[in-house]
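Student: I should like to examine the reasoning behind some labels assigned to residues and bonds. Could we go through them in turn?

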Number of protein chains: 2
Amino acid sequence: MADQVTLADVARWAGVSVATASRALHGSVGRTVNPELRARVQAAAAELNYSPNANAQAVVRGTTTTVGLVVHDIADPSAAALAAGVIEVAATRNLIVTISATLSDPLTEVRHVESLRRQRARAIVLAGSRFNDPESAGRLGEELVGYAVGGGRVAVVGQHRLPLRTIEIDNDGSARRLAATLASLGYRRAAVLAGPELIATSEDRVTGFRAGMAGAGAPVPQENVLVAPLTRDGGYVAMTELIDLGLLDGVDVVFAANDVMAVGAMAALRDQGLRVPADVAVAGFDDISTLRDVRPALTTVRLPMERIGADALGLALDGLPDDEVTVTRVIGEVVVRESTPPRS
Amino acid sequence: MADQVTLADVARWAGVSVATASRALHGSVGRTVNPELRARVQAAAAELNYSPNANAQAVVRGTTTTVGLVVHDIADPSAAALAAGVIEVAATRNLIVTISATLSDPLTEVRHVESLRRQRARAIVLAGSRFNDPESAGRLGEELVGYAVGGGRVAVVGQHRLPLRTIEIDNDGSARRLAATLASLGYRRAAVLAGPELIATSEDRVTGFRAGMAGAGAPVPQENVLVAPLTRDGGYVAMTELIDLGLLDGVDVVFAANDVMAVGAMAALRDQGLRVPADVAVAGFDDISTLRDVRPALTTVRLPMERIGADALGLALDGLPDDEVTVTRVIGEVVVRESTPPRS
DNA sequence: CTGTTAGCGCCTTCAA
DNA sequence: TTGAAGGCGCTAACAG
């Protein structure tokens, strides 16, 4: 590794002091520098292909230009949309975004937050689902508190158990309304493809859905709820299992905890020679944009993830440091499409 | 912003020198520290909720634990898949990933690389498409060279004009084979939905496709090629325009430069009362995973993006510093599905 | 307006 | 094995 060009090199090359070089390049507040010298310094910097060391700047300035985003899995379209929103806002403020994926492991999440704290990130947006895991939650809380004490700004998406600025996604209520809508369309017997119990988002959706169906006089029996990973393959396997166990008999609608699972479930149905919605209806959750134009169009709950991402970063950055905890609640919009037509 | 806890605080609290504290927490090579002292230091660190300043460490160590990934748009499923691959490999090496989006602007791309260089990122994976823009290409090259000279590791995905380790995606040849396949299925008159000319990936695909059709004796006339953004809406608008201009008459297949556009195109067709594939066939490029199970299933070219992302980071990290430039070529796999059935 | 002088938080020779 | 001291690259008083 060849030696890096430092500010001292630039200063020497331009025949000025490092202080002047620094000011010429980055303009200390209030201070100004002779145009001619400035030009010399800039020429020197260009000539030497100088790159300021952002780490050194961070040490002395005590702050960075980085914001951190923590999600489960960046390949999840929902998370990607949220990330796009975060990145967009970051760009308007000349901030760069570090994304880390927890792969749904609570300890990995803690480690990522820890890492972001070490980097002295300007802000952290925590967007993975809350885990139903008290131990890691404790460590996460500690880490976050330490970060905030040191001046860090945090916003949390969907983890409404932390004493921090929060954008709460009403998974429970939205799923409940979806169920009510389906019931009003004539559906009476539902099956549910749920995600791992550890993941609160999924649990909330399932709970809400079942409550909604029950409220409409069509409760979902426990044996009709299958647990699987929140992935396409998880949906496929769970759906296949549902069929193989004979649990699908009499069921008129299957609710999957997210759209990705729903797609897998539809594939499984097709592979078993069943048609959607003729033989059984399917509904999902998230309203993934790439799926919107697809047939049969999926009934789902729309969440404006990109907007949420943008708002979350704004919230983290702009809230007063000693602001009281604010909770913004986002309600999902039930979108009925072809996959759940009215039942005669 | 309350004062951060520093290593000196920890050392004082534990009653040792900062040197010892440093060694106890991070274990300098070769040096070892009394277990009892180590325990005291660790207790102090925990007690004070100490977080090492990664920036200060980076300054003195001259290297960081960050890798940078530059893509066009993280919400693009293809880019998200690649990012997942990068993140996965990074995780196994205890590296964290910074993702930045260029939004298809060449200058933004340069700025992001510059920023990554300032951070002294350990490696950079450049995965946006090459731009057909000599000026920014020059600046990009300079920046990258400066980065490499300083010990930075770079891998490039799909930009095969840079003298760097490259994973080249054979857009041209793959599109050509797609065209040949379609021709062999009986398609004779194609229209093309192309992306902006600035974006080389799209251009290569379009060029290859047209060459393939021409090679099969069914050339695509220039007026059948429409330019639009590489988005769902771009595809929708372009397709609508194609119909409105009467250009679709006699056309039996529409090729979109990526799957996302193809989806938009299909939506436009549907909105105009046309059926896929009965009235016109459609093909895309990328084989986005969320679309695989969707009907009508889209004929496309599969690119193993997650794998590519993983390989790219591996290539960047593991290549010898003075390695000669290596070029790995990835060939897309033509996947024929329902959207382009054999034509009688 | 410019240069000199202190640091920022940390790691790592160098002596002890 | 431990501690004191110097330095990493940079910015920010403080003089001049």
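**Burial labels and backbone geometry**

Student: Why is Leu103(A) called partly exposed?

Tutor: In this predicted model, Leu103(A) has 15 C-beta neighbours inside 10 Å. A buried residue needs 20 or more, and an exposed one has 12 or fewer. The count of 15 lies in between, so Leu103(A) is classed as partly exposed.

Student: What is notable about phi of Leu103(A)?

Tutor: Phi of Leu103(A) is near 50°, a positive value, and the residue is not a glycine. Leu103(A) belongs to the loop between β2 (96-101) and α6 (106-118) of chain A.

Student: Why is Asn49(A) counted as partly exposed?

Tutor: Asn49(A) has 15 C-beta neighbours inside 10 Å. That value falls between the limit of 12 or fewer for exposed and that of 20 or more for buried, so the label is partly exposed.

Student: Where is Asn49(A) found, and what is its phi?

Tutor: Asn49(A) sits in the loop between α3 (35-48) and α4 (54-61) of chain A. Its phi is about 55°, which is positive although Asn49(A) is not a glycine.

Student: Which residues does a cis peptide bond join in chain A?

Tutor: The bond joins Val276(A) and Pro277(A), with omega about 5°. Pro277(A) lies in the loop between α11 (259-271) and β9 (281-283) of chain A.

Student: What is omega for the cis peptide bond between Val276(B) and Pro277(B)?

Tutor: For that bond, omega is about 5°. Pro277(B) is located in the loop between α11 (259-271) and β9 (281-283) of chain B.

Definitions and conventions: Residues numbered from 1 in each chain as written. Chains lettered and ligands numbered in written order. Predicted model: local features only at pLDDT ≥ 70, side-chain atom pairs only at ≥ 80, totals over all residues. Helix = DSSP H or I, 4+ residues; strand = E, 2+ residues; numbered from the N terminus.
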